[in-house]
Amino acid sequence: MTTQRTNYLYPAVGMGLILSAIIFVVVLVPRWTFRPPQPKDYRDYTAQEQRGRTIYRREGCWYCHSMASRPQDWDHGPKSKASDYFYDHDGHLLGSERSGPDLANIGGKFPDEYHKLHHNNPRYVKPGSIMPRYDYLTEQELTDLTAFLQGNGPNGTRALDVHTGEMKWARFTKVYNPELGKDEEVAVWKHGVEEREAIVAAAYESHPETPFKYTAEIEELLYGTTHEAQNAKPALSQLIEKAFENDKALEKAREEDALVSGWNEISFREPEAMPTDTVEAGKVEKRRTVANQGRGLFNNQCSACHGLDGNGHGWAAPSMTRRPANFWEDKFANYKTDTWFWRISRGVPATQMPRWEFTLKPDQRLYLAAFLKYVAQNKGLGKLKGMPLPDQIPLPSAAAPARAVAAK
Ligand code: HEC
Ligand code: HEC
């Protein structure tokens with residue numbers, strides 16, 4: 001019996017020693033001896049960014065977001081390097097799950113105001129988003145969190161010029177912090193929003209393995225055969241997209257397809273009475289159908305700000321300093337399809353109006369243009385059929401017996 005017990009003791013002690021030796025060699029020794037060179041391309045976190053990092057960890061953002069862009073990742077910006085993590089004094093926030101996009105290169109991708117709005121309620125800018133709302137964070141916490149996010153990646157405010165060691169995109173300034181009751185040093189962007197967006201877009205585009213936006217070329221790659229099989233010519237929306245660079249292409253597109261020239265020349269205004277001529281009536285119906293197709297997208301992507309009927313009274317509108325456009329205003333009745341398409345694609349710089357060319361396909365933006373043209377010219381949803389507006393849905397009548405009462 002006693003011999004049996006010693007038989008357990010020796011292997012146990014032996015295994016314990018081996019385990020300690022492994023921990024000593026792979027954990028402790030590197031901790032004491034591994035001194036990587038200080039990176040030339042990043043600076044340390046400011047106190048504000050460090051607070052933002054703490055909030056990021058505390059709120060569990062890393063459950064859904066990773067912070068490491070791998071070579072095989074598409075559309076996540078440049079690959080992450082060891083130096084990106086040099087200044088993580090209190091552990092890394094790599095994350096292992098990607099319920100949301102990777103945030104390693106998020107810096108500079110959106111204006112600060114976009115982040116704050118998105119954190120308040122992600123559905124404001126990404127309808128259908130599963131990301132929780134963080135509207136309980138204080139204004140200061142939102143600012144700190146945004147500062148942390150904006151620092152990330154080679155276009156972030158923490159990026160340094162490798163040659164000069166100077167800050168690349170940001171400068172330091174003193175800003176009064178009401179929570180501390182004194183000024184503190186924070187990093188702010190060197191450039192205006194518009195200039196910064198151009199720099200960032202150019203930087204992303206110079207990484208061919210990580211396309212930043214959904215270009216017509218990529219669409220052709222993905223859908224080209226289907227379009228060709230059906231149509232034997234490039235999709236019109238692609239031609240219109242190209243027309244930003246070349247007016248002639250747009251002329252050609254108009255000649256080639258009656259529908260697009262129709263969108264440009266034919267009014268979307270509802271006639272006083274439905275034409276008796278069946279061909280003319282068919283055209284009216286066709287325009288309604290096209291506008292209605294854009295309406296579905298509009299409900300999903302735009303109504304939070306612009307309102308379901310496009311009059312600018314979406315539920316997110318009150319939180320914005322620059323209110324969303326009201327498409328019932330007279331000037332919009334004169335917008336051409338191209339103008340609508342261009343505005344939707346490029347967004348409105350320095351406002352929360354996103355650049356939809358990054359997320360919506362050209363065809364989708366065309367349908368939206370048709371819908372907005374209809375709304376602007378008819379000052380509302382006119383004769384469009386479909387989802388009723390909230391105030392048109394009849395409320396349950398007070399006389400109807402409540403279920404709880406009926407159960408008793
Ligand atoms: C339940 C999972 C989840 C959690 C938790 C979460 N997110 Fe998200 N996040 C998402 C999803 C999904 C998206 C993509 C849709 C969208 O933009 O809302 C997203 C998008 C984002 C984006 C935009 C990225 C881009 O390139 O468009 C940012 C920035 C972001 N989240 C930051 C945060 C921060 C900061 C926190 C913590 C305060 C957080 N997220 C918590 C799921 C999550
Ligand atoms: C986060 C809120 C928000 C969302 C979502 C949003 N917009 Fe906007 N939109 C704005 C704001 C703010 C403006 C700027 C108004 C101004 O110029 O003062 C604007 C302006 C516009 C304009 C320009 C009007 C002009 O003056 O030329 C168009 C067109 C437009 N939005 C269409 C859309 C479409 C289409 C969608 C959905 C695909 C959309 N918007 C989604 C906030 C939003």
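Trainee: What share of the contacts in the protein chain with a separation of 6 or more comes from residues 24 or more positions apart?

Mentor: Such residues account for 63% of those contacts. Bear in mind as we go that this is a predicted model.

Trainee: How many helices and strands does the protein chain have?

Mentor: The protein chain has 14 helices and two strands. Of its 408 residues, 28% are buried.

Trainee: Let's try one of those. What makes G294 count as buried?

Mentor: Set the value against the cut-off. A residue is buried if 20 or more other C-beta atoms lie within 10 Å of its own. G294 has 24 C-beta neighbours inside 10 Å, so it counts as buried. You will find G294 in helix α10.

Trainee: Which residues does G294 touch, not counting those up to four places away in sequence?

Mentor: G294 touches Y367, L368, A370 and F371. Another residue to look at is L372: it is 78 residues from G294 in sequence, yet the two are 8.1 Å apart in space, C-alpha to C-alpha.

Trainee: Why is α10 called roughly perpendicular to α13?

Mentor: The axes of α10 and α13 cross at roughly 110 degrees and come within 7 Å. Angles of 65 to 115 degrees count as roughly perpendicular. The crossing angle therefore makes α10 roughly perpendicular to α13.

Trainee: Which residues make that contact?

Mentor: From α10 there are V290, A291, Q293, G294, R295, L297 and F298, and from α13 there are Q364, Y367, L368, A370, F371 and Y374. By class, the contact of α10 with α13 has nine nonpolar, three polar and one charged. Follow F371 as an example: leaving aside neighbours within four places in sequence, it is in contact with A291, G294, R295 and F298.

Trainee: Which residues touch the most other members of the largest nonpolar core?

Mentor: They are L368, A369, A370, F371, L372 and V375, in a core of 27 residues. Two or more residues come from each of α10, α11, α12 and α13. The largest share, 10 residues, belongs to α13. A second, separate core has 14 residues, including I106, L145, A147 and A187.

Trainee: Is there a general idea behind such cores?

Mentor: In soluble globular proteins, nonpolar side chains tend to be buried together.

Trainee: How do you know that α2 is roughly perpendicular to α4?

Mentor: Use the reasoning we used before. The axes of helix α2 (residues 47-58) and helix α4 (residues 139-151) cross at roughly 100 degrees, coming within 7 Å. That angle lies in the range from 65 to 115, which means α2 is roughly perpendicular to α4. The residues that meet are Q48, E49, R51, G52, R53, I55 and Y56 in α2 with E141, D144, L145, A147, F148 and G151 in α4. This contact of α2 with α4 has five nonpolar, three polar and five charged residues.

Trainee: What makes H76 count as buried?

Mentor: H76 has 21 C-beta neighbours inside 10 Å. The cut-off is 20 or more, so H76 is buried. H76 is found in the loop between α2 and α3. In space it is 7.9 Å from L103, C-alpha to C-alpha, though the two are 27 residues apart in sequence.

Trainee: Which residues of α3 are buried?

Mentor: They are H115, L117, H118 and H119. The elements that cover them include α4.

Trainee: Why is K379 called partly exposed?

Mentor: K379 has 17 other C-beta atoms within 10 Å. Buried needs 20 or more and exposed needs 12 or fewer, so K379 is partly exposed, in between. K379 lies in the loop between α13 and α14. Notice its backbone too: phi is positive, about 50 degrees, although K379 is not a glycine.

Trainee: Which residues are closest to ligand 2?

Mentor: The closest are C302, C305, P324, R343 and M353, in a shell of 22 residues. The elements that give two or more residues to this shell are α11, α12 and α13. By class, the shell around ligand 2 has 16 nonpolar, four polar and two charged residues.

Trainee: And which residues are closest to ligand 1?

Mentor: Look for C61, C64, G100, S129 and M131; 22 residues surround ligand 1. That shell divides into 14 nonpolar, six polar and two charged.

Notes
Residues numbered from 1 in each chain as written. Chains lettered and ligands numbered in written order. Predicted model: local features only at pLDDT ≥ 70, side-chain atom pairs only at ≥ 80, totals over all residues. Near = placed C-beta within 6 Å. Helix = DSSP H or I, 4+ residues; strand = E, 2+ residues; numbered from the N terminus. Nonpolar A, V, L, I, M, F, W, Y, C, P; charged D, E, K, R; others polar. Axes fitted to C-alpha atoms, helices over the stretch in contact; angles between N-to-C directions. Parallel < 35°, antiparallel > 145°, perpendicular 65-115°, else oblique. Contact = placed C-beta atoms within 7 Å. Core = buried A, V, L, I, M, F, W, Y, C linked by C-beta atoms within 7 Å.
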